[in-house]
Amino acid sequence: MFVRKPFLWKCLGGWVFARSLSGGSGSRLDLAGIYPPITTPFNQRGEVDYQQLENNVHKWSKIPFRGLVVQGSNGEFVYLSSEERIEIVRRVRQALPREMLLMTGSGCESTEATVTMTQRMADAGASAVMVITPYYYRGRMDSSAFIHHYTQVADSSPVPVVLYSVPGNTALELPVDAIVTLSHHPNIIGLKDSGNDVTRIALIVHRTRKQGFQVLAGSAGYLLPSYSVGAVGGVCALANVLGEPLCKLEKLCLAGQWVDARELQYRLVEPNAAITRKFGIAGLKEAMEWFGYHGGPCRAPLLPLTEAERKELCDDFTSNGWL
């Protein structure tokens, strides 16, 4: 069983809290902490704006995140070419301090394509890969299919693999029994769960903790309750704009300061819902502009917010004291 050992290092003028997991003769990459699943900036011609991407990365690097997630759902990865996906990883790794993890979404619909993309992302500098469930033929995507898929990917991957369940986008959920089976694989180290179900997160933590398996909450809206049942961190869209408050919430939870943590969690619920369920990536990119980052347009067919939507989004942040 893995034993968590806290340590501190100094980074960019502030103390960053990190944890290592070690056991036996080897060690397992520790995922504990907060990650923004970063957006992909596009220019007005719809091309990836690599300069603005690097500018955003430099700003995020000054926040005590454990690392960044590139090409999660907020990265619009389904609209990127394979070459764009690899180049984005390469550019982010160059701009990101070495001590920060770079977790990259390498999932594709076929196992073969996922194996290839995973290898290429590792070569481009990924610390770990986050692999979304294949979902197009969802009627045949049962536990057996998922176990076979993820085992093949993990067997071939030169970096650790994190499972990614996001039923809001895929219309299917990675079954708990499949997660428990996969948690025994030495190269599958954790799960990002975006199912909005804390009871499920608690069950997964309970049934996998002897393997040193790590669960990350998939949203800022239930970060506190996820910590309370054993999650080690969160991959939160809201961290793109409110990174410091989310890292503060992490610190409060780890210190057992639950009253203060609860008050902060309350203030994060509405803005989080606004840039996830209500307005999605267009809302997140709009909010990024208000907080000093480059959001820019989404790639078609996603459309920008209307004026009425923009005002409603602003109200959700203002009424909670963030603007």
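## Aromatic pairs and their cluster

Rings of Phe, Tyr and Trp, the last taken by its six-membered ring, form a pair if their centres lie within 6.5 Å, and a pair counts as edge-to-face if the planes are over 60 degrees apart. In this predicted model, ring pairs link Trp-290, Phe-291 and Phe-317 into a cluster, and the structure holds four aromatic pairs.

One of the four pairs is made by Tyr-136 and Tyr-137, whose ring centres are 4.9 Å apart and whose planes meet at 85°, so this pair is edge-to-face. Tyr-136 counts as exposed at 59% relative accessibility, and Tyr-137 also counts as exposed, with a value of 60%. Trp-290 and Phe-317 form a further edge-to-face pair, with 6.2 Å from centre to centre and 85° between the planes. Because Trp-290 belongs to helix H11 (residues 280-290) and Phe-317 to helix H12 (residues 307-318), this pair ties together parts that are 27 residues apart in sequence. With a relative accessible area of 28%, Trp-290 is partly exposed, whereas Phe-317 counts as buried at 0% relative accessibility.

## Charged groups over rings

Two arginines have their charged ends placed over aromatic rings, and each can be described by its distance from the ring centre. Arg-91 lies over the face of Tyr-50, at 4.5 Å from the centre of that ring, while the charged end of Arg-267 sits over the ring of Trp-322, at 3.9 Å from its centre.

## Nonpolar cores

The largest nonpolar core comprises 85 residues, and those with the most contacts inside it are Phe-65, Val-92, Leu-163, Leu-238, Leu-246 and Phe-317. A second core, separate from the largest, has 17 residues, including Ala-128, Met-130, Val-166 and Val-235. Phe-317 therefore appears both among the best-connected residues of the largest core and, at 0% relative accessibility, as a buried member of the ring cluster with Trp-290 and Phe-291.

## The cavity and its lining

The structure holds one cavity of 30 Å³ or more, and the space in the largest cavity amounts to about 30 Å³. Its lining is made by Gln-71, Phe-77, Arg-85, Gly-105, Ser-106, Gly-107, Met-130, Ile-132 and Tyr-164, and by class this lining has four nonpolar, four polar and one charged residues. Met-130, listed in this lining, is also included in the second nonpolar core.

Ile-132, another of the lining residues, has its place in strand S8 (residues 128-132) and counts as buried at 8% relative accessibility. The C-alpha atoms of Ile-132 and Gly-107 are separated by 5.1 Å, although the two residues are 25 apart along the chain; both of these residues line the largest cavity.

## The largest pocket

The largest pocket holds about 700 Å³ of space. It is lined by 29 residues, of which Ser-73, Asn-74, Val-166, Gly-168 and Asn-169 are the closest to its centre. The elements that give two or more residues to this lining are helix H5 (167-170), helix H10 (258-278) and H11, and H5 gives the most, with four residues.

By class, the residues of the pocket lining divide into 15 nonpolar, eleven polar and three charged. Val-166, one of the residues closest to the centre of the pocket, is also included in the second nonpolar core, and helix H11, which gives residues to the lining, is the helix in which Trp-290 lies.

## Backbone features

Most residues other than glycine have a negative phi, and most peptide bonds are trans. Against that background, three places in the backbone deserve a separate note. Gln-71, a residue other than glycine, has a positive phi near 65°; Gln-71 lies in the loop between strand S6 (67-70) and helix H2 (82-95) and counts as buried at 2% relative accessibility. Gln-71 is also among the residues that line the largest cavity.

Glu-76 likewise has a positive phi, of about 55°, although it is not a glycine. Glu-76 lies in the loop between S6 and H2, and at 2% relative accessibility Glu-76 counts as buried. Elsewhere, a cis peptide bond with an omega of about 20° joins Ala-300 and Pro-301, and Pro-301 lies in the loop between H11 and H12.

Technical notes: Residues are numbered from 1 along each chain as its sequence is written. This is a predicted model: local features need pLDDT of at least 70, side-chain atom pairs count only at pLDDT 80 or more; totals for chains, interfaces and linings use all residues. Side-chain values use heavy atoms; hydrogens and water are left out. A nonpolar core is a set of buried Ala, Val, Leu, Ile, Met, Phe, Trp, Tyr and Cys residues joined through side-chain atoms within 4.5 Å. Buried means under 20% relative accessible area, exposed over 50%, partly exposed in between (1.4 Å probe, protein chains only). On a 1 Å grid over the protein atoms alone, a cavity is a set of points where a 1.4 Å probe fits but cannot get out, and a pocket is an open set with protein on both sides within 12 Å along at least five of seven lines; lining residues have an atom within 4 Å of a point. Grid points are joined across faces, edges and corners, and a volume is the space filled by probe spheres set on the points. Ala, Val, Leu, Ile, Met, Phe, Trp, Tyr, Cys and Pro count as nonpolar, Asp, Glu, Lys and Arg as charged, and the others, Gly among them, as polar. Rings of Phe, Tyr and Trp (its six-membered ring) pair if their centres lie within 6.5 Å; planes under 30 degrees apart count as stacked, over 60 as edge-to-face and the rest as tilted. A charge sits over a ring if NZ of Lys or CZ of Arg is within 6 Å of the ring centre and within 35 degrees of the ring normal.
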